[in-house]
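The following report describes how the secondary-structure elements of one protein chain are arranged, and it is meant to be read beside the sequence and the coordinates.

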Amino acid sequence: MQNHEVPHIFCPKRRSLTFARAINRRGADWLIKSMQTDIIERLDFIQQKPCNAVSVGLDTALVKEFLNKRSIEVHCYQDLNEEKPINHDNLGLFISLGRLGNINDLPGALIHIRNTMKQGGLFLAQFIASGSFTTLRSIMLKGEPNRPAARVHPMIDDKTSGLLLSRAGFSKNVVDTYSIDVRYSTFEGLISDLRDQALTSILASKAPYYRKDGLVAAKHAFEEMRENDGKVTEKLTLLTLTAWR
């Protein structure tokens, strides 16, 4: 594979700090639980055989419990630097939850992950994809229309992900998506959810701080989006990568 210039979009230090804060908060966890439930259903369908495995994500306890019952030994990590060689080899299974959508060197990370796996090993990853947080984007822009700034992460789509899997040397690649609609009663609840689940900005170039009048305008924009039941809907699209070495 040819060398490529790695963009510097995300800040690894901010990423780790965001994960640490989310772990300490012990708040909302519906997203990581949804990911785990979906991955477990896929593993059950595939009928993964006993092997050594790695799982990475804010919480992978449900996945670990499921795999242990099937004699699969799992090394669990909440935070891992996927952009560097990973200290594992001969893995039959590598699971990544909510991680690969916000790293700078995704092609490199996929290669490092593949290098940990034995021939025929299974790779499963799930993360937030393009088309997510449209409500939040709209609210933040309406809050400070004269100071537009990047406040929501750029996101990868399914087509690009499939190409990157092939470039990294994976085979039998499958990429699919599903959506989650989340309903919020307050703007503060939406922001709290982001902090609880390590979804706040980790961009290398920090956006300017939101001014008080901008925050008032953002809350007003949230109020204008209320539906008949008084709540506001945010949509997340989750992208799943399934591939074998």
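## Sheet, helices and a buried loop residue

Within strand E6 (residues 232-244), lysine 235 is the bridge partner of aspartate 181, where strands, like helices, are DSSP runs numbered from the N terminus (at least two residues of type E for a strand, at least four of type H or I for a helix). This is a predicted model, in which local features need pLDDT of at least 70 and side-chain atom pairs count only at pLDDT 80 or more, while totals for chains, interfaces and linings use all residues. Residues are numbered from 1 along each chain as its sequence is written, and side-chain values use heavy atoms, with hydrogens and water left out.

The bridge at lysine 235 belongs to the antiparallel pairing of strand E5 (residues 171-184) with E6, which extends over 12 bridges; two strands pair if DSSP finds at least two bridges between them. E6 is also joined to strand E4 (residues 117-128), again antiparallel, by 7 bridges, and here phenylalanine 123 stands opposite alanine 243 of E6. Of the 13 residues of E6, 11 are buried, a term that means under 20% relative accessible area, with exposed meaning over 50% and partly exposed lying in between (1.4 Å probe, protein chains only).

These strands belong to an open sheet of 6 strands with mixed pairing, in the order E2-E1-E3-E4-E6-E5. Strand E2 (73-77) and E5 stand at the edges, and because each has a single partner strand, one side of each is left without a neighbour in the sheet. On average, and with direction ignored, neighbouring strands are turned by 15° against each other, angles being taken between lines fitted to C-alpha atoms, for helices over the stretch in contact, and running from 0 to 180 degrees between N-to-C directions. Strand E1 (residues 52-56) pairs with E3 in the parallel sense over 4 bridges, and isoleucine 95 in E3 is the bridge partner of serine 55.

| Strand pair | Sense | Bridges |
|---|---|---|
| E5 and E6 | antiparallel | 12 bridges |
| E4 and E6 | antiparallel | 7 bridges |
| E1 and E3 | parallel | 4 bridges |

Helix H4 (residues 106-115) packs on this sheet, touching E3 and E4, and its direction makes about 140° with that of E4. In H4, 8 of the 10 residues are buried, among them Leu106, Leu110 and Ile113. The buried residues pack against strand E3 (91-97), E4 and helix H6 (158-167), contact meaning heavy atoms within 4.5 Å. At the start of H4, a side-chain oxygen of aspartate 105 comes to within 2.9 Å of the backbone nitrogen of glycine 108.

Between H4 and E4 lies a loop that holds threonine 116. Is threonine 116 buried or exposed? Its relative accessibility is 1%, so threonine 116 counts as buried. Apart from neighbours within four places in sequence, threonine 116 is in contact with Ile86, His88, Asp89, Asn90, Leu91 and Phe94.

Two further helix pairs can be described by their axes. Helix H2 (residues 30-46) and helix H3 (residues 61-68) pack at about 20° with their axes 8 Å apart, which means that H2 is roughly parallel to H3; angles under 35 degrees count as roughly parallel, over 145 as roughly antiparallel, 65 to 115 as roughly perpendicular and the rest as oblique. Residues making this contact include Ile40 and Leu43 of H2 and Val63 and Phe66 of H3. The axes of helix H1 (residues 12-25) and helix H7 (residues 187-196), by contrast, cross at roughly 110° and come within 8 Å, so H1 is roughly perpendicular to H7. Here Arg21, Ala22 and Arg25 of H1 meet Ser192, Arg195 and Asp196 of H7.

Note on methods:
A polar contact is a pair of N or O atoms within 3.5 Å; within protein, one must be able to donate a hydrogen and the other to accept it, and residues adjacent in sequence count only if both atoms are side-chain atoms.
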